[in-house]
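This report describes selected strands, helices and aromatic contacts of one protein chain. The sequence and structure come first.

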Amino acid sequence: MHNRWKIVILLLMIVSLMSGCFGKKEVLEPLQPSKIKVIYQTEEAFDLDYGKYFKMNYPQFEVEVIPKIQVLKNLGKMIIPDEYDSEVRKLLERSGADVLLLDQQNFEQFAANGKLYGIDEAIRQDNYDIKGFMPGLIDVIKNLGDGKLYGLTPAVYNKALRYNTALFRENQIDPPTNKMTWREVFELGARFSNIKHGDRPVRGVFFDDLSGVGDLMYDIAKTYGLQLFDPKGEKVLINSKGWKEAMSLATDAVRNNVVYFDPVAQLDSSQNLFDDGVAAMTFKGVPHAGEVGFNTDKAPVEWEAVTVPIDPADESTGVYLDSLFAIAADSSNKRAAWEFVKFVCGPEMAHARSKTMDGTLPSRTGYVKEFKGKSMEAFYMLKVKQADSIRQSGRVPFKFFTLFDEPLREELQAVVDNKKSVDEAAAVLEAKAQELLIQARAASGKKP
């Protein structure tokens with residue numbers, strides 16, 4: 001009989017442990033005072049973005065911020081991207097934080113290495129609403145975790161196609177519409193080729209955040225989900241039908257003066273042709289309070305926005321996630337950590353973010369319909385997908401792209417100047433890229 005009671009007690013203990021800190025009973029009980037450690041850029045930024053809101057709703061929690069910015073101080077003045085990424089990972093791994101702030105590259109690597117806590121069961125047991133996120137966003141995050149959900153994000157960054165309504169109206173040209181293709185956007189831009197605004201020529205499509213035709217090709221390729229490398233990041237795939245089509249679209253648009261790049265615009269916003277009223281269309285992110293025309297003396301351009309170009313077979317848009325909140329697998333305080341992640345990615349914070357508009361969008365829909373009189377519909381209309389199909393989320397050293405920039409520019413310019421065909425340039429680029437990939441891997445210590 002004595003042994004039987006021991007067995008019963010042991011079984012009860014096992015059941016209790018299986019329910020864990022996410023058991024339904026504990027979820028319904030008042031939370032206990034607790035302390036969590038959170039990695040964020042700086043303590044000041046954390047308080048401004050989330051801390052003050054969290055403390056108001058969870059006064060029983062103490063939050064210790066581990067500043068990510070200390071990595072920059074450790075590296076000194078000369079910052080090399082691969083070294084920076086390495087130092088950030090070291091901080092994340094050694095910090096002892098309960099909640100990690102990750103970009104999508106580190107998120108994917110940490111999930112694959114078992115360093116993150118899966119939150120699927122916590123979501124189910126708390127009946128936490130994940131249907132309110134942007135269409136496709138949860139699937140994007142799950143894909144980074146090989147099908148399992150390891151974190152959430154309160155905000156995303158994406159773009160829309162803005163157009164100068166006055167230029168289209170004055171020249172009796174039908175404005176762009178949602179869900180156009182890249183070819184349709186370029187064809188529309190070509191209609192402004194002989195038009196002037198005052199004594200200045202009007203540009204069809206202006207890019208103020210791309211360095212040239214190579215980046216334009218990359219943007220087109222991302223729309224069509226093209227991969228620059230094989231899944232292991234060992235073989236370059238640019239000499240293929242899809243890439244050659246992207247190359248052809250980009251070089252044709254530049255050769256025909258439909259697309260205009262102005263490197264000065266990256267340093268001096270006064271040289272932005274769209275803001276000057278002499279570009280019909282441009283690609284821009286979410287408007288923010290500091291933007292030209294919102295709080296400056298410069299007269300605002302009359303504009304509206306439609307979705308970015310799409311692949312007709314996949315009406316989606318890429319997003320880059322640089323603020324994924326995840327719980328460390330070795331955290332001893334997962335209950336409190338989950339409450340934090342749940343809150344900052346929840347409806348209350350989405351509502352708060354909708355009032356500030358810092359250049360990102362709340363990841364939950366329904367909270368930002370307009371900003372300063374401008375409709376935000378185009379930013380939410382398309383299903384989202386992972387944007388970084390080109391860089392392979394860290395499988396390829398950053399140094400490769402630094403090395404590849406010059407031959408890419410040279411070969412594409414040769415196509416623009418009709419000195420080479422697309423087929424010829426693609427063949428040269430694939431051979432050169434493969435050589436540089438091996439070189440970059442050797443320099444970074446990454447094994448094939």
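Two strands are taken to pair if DSSP finds at least two bridges between them. The model described here is predicted.

## Strand S14 and its partners

Strand S3 (residues 99-102) is joined to S14 by 4 bridges, and the two run antiparallel. Within this pairing, Val99 has Ile327 of S14 as its bridge partner. Strand S4 (residues 151-152) is also antiparallel to S14, with 2 bridges joining them. Here Gly151 is matched with Ala326 of S14.

The side chains of S14 (residues 324-327) alternate: Leu324 and Ala326 point one way, Phe325 and Ile327 the other. These four residues are all buried.

## The five-strand sheet

A separate heading is given to the open sheet of 5 strands, whose order is S10-S9-S11-S6-S12 and whose pairing is mixed. Its edge strands are S10 (259-261) and S12, each of which pairs on one side only. From one strand to the next, the twist averages 30°.

At the S12 edge, strand S6 (residues 159-164) pairs with S12 in the antiparallel sense over 4 bridges. Tyr163 has Glu304 of S12 as its bridge partner. Strand S12 (residues 303-306) also holds Trp303, which counts as buried because its relative accessibility is 6%, below the 20% cut-off. The C-alpha atoms of Trp303 and Leu167 are 9.6 Å apart in space, while the two residues are 136 apart in sequence.

Helix H10 (residues 182-189) lies across S6, S9 (203-207), S10 and S11 (279-285). Its direction is at about 145° to S11.

## Packing of helices H11 and H16

How is a pair of packed helices described? The angle between the axes and the distance between the axes are used. For helix H11 (residues 213-223) and helix H16 (residues 398-416), the axes come within 9 Å and cross at roughly 100°. The two helices are therefore roughly perpendicular to each other, since angles of 65 to 115 degrees are classed that way.

H11 contributes Val213, Gly214, Met217 and Tyr218 to the contact, and H16 contributes Phe401, Phe404, Leu408 and Leu412. By class, the contact has 7 nonpolar residues, 1 polar residue and no charged residues.

## Aromatic pairs and helix H13

The count of aromatic pairs comes to 24, where rings pair if their centres lie within 6.5 Å. In one of these, the ring centres of Tyr40 and Phe325 are 6.4 Å apart and the planes are at 0°, so the pair is stacked. Tyr40 belongs to strand S1 (residues 34-40) and Phe325 to S14, so the pair ties together parts 285 residues apart in sequence. Tyr40 and Phe325 are both buried.

A second example is Tyr128 with Trp338: the centres are 5.4 Å apart and the planes are at 80°, so this pair is edge-to-face. Tyr128 is in the loop between helix H7 (120-126) and helix H8 (137-144), and Trp338 is in helix H13 (residues 334-344), so parts 210 residues apart in sequence are tied together. Both Tyr128 and Trp338 are buried.

Helix H13 is mostly covered, with 11 of its 11 residues buried. Among them are the charged residues Lys334, Arg335, Glu339 and Lys342, as well as Phe340 and Phe343. One aromatic cluster is formed by Tyr40, Phe46, Tyr50, Phe54, Tyr58, Phe61, Phe325, Phe340 and Phe343.

Notes:
Residues numbered from 1 in each chain as written. Predicted model: local features only at pLDDT ≥ 70, side-chain atom pairs only at ≥ 80, totals over all residues. Heavy atoms only, no water. Buried < 20%, exposed > 50% of the residue type's maximum accessible area, 1.4 Å probe, protein only. Axes fitted to C-alpha atoms, helices over the stretch in contact; angles between N-to-C directions. Parallel < 35°, antiparallel > 145°, perpendicular 65-115°, else oblique. Contact = heavy atoms within 4.5 Å. Phe/Tyr/Trp six-rings, centres within 6.5 Å; stacked < 30°, edge-to-face > 60°.
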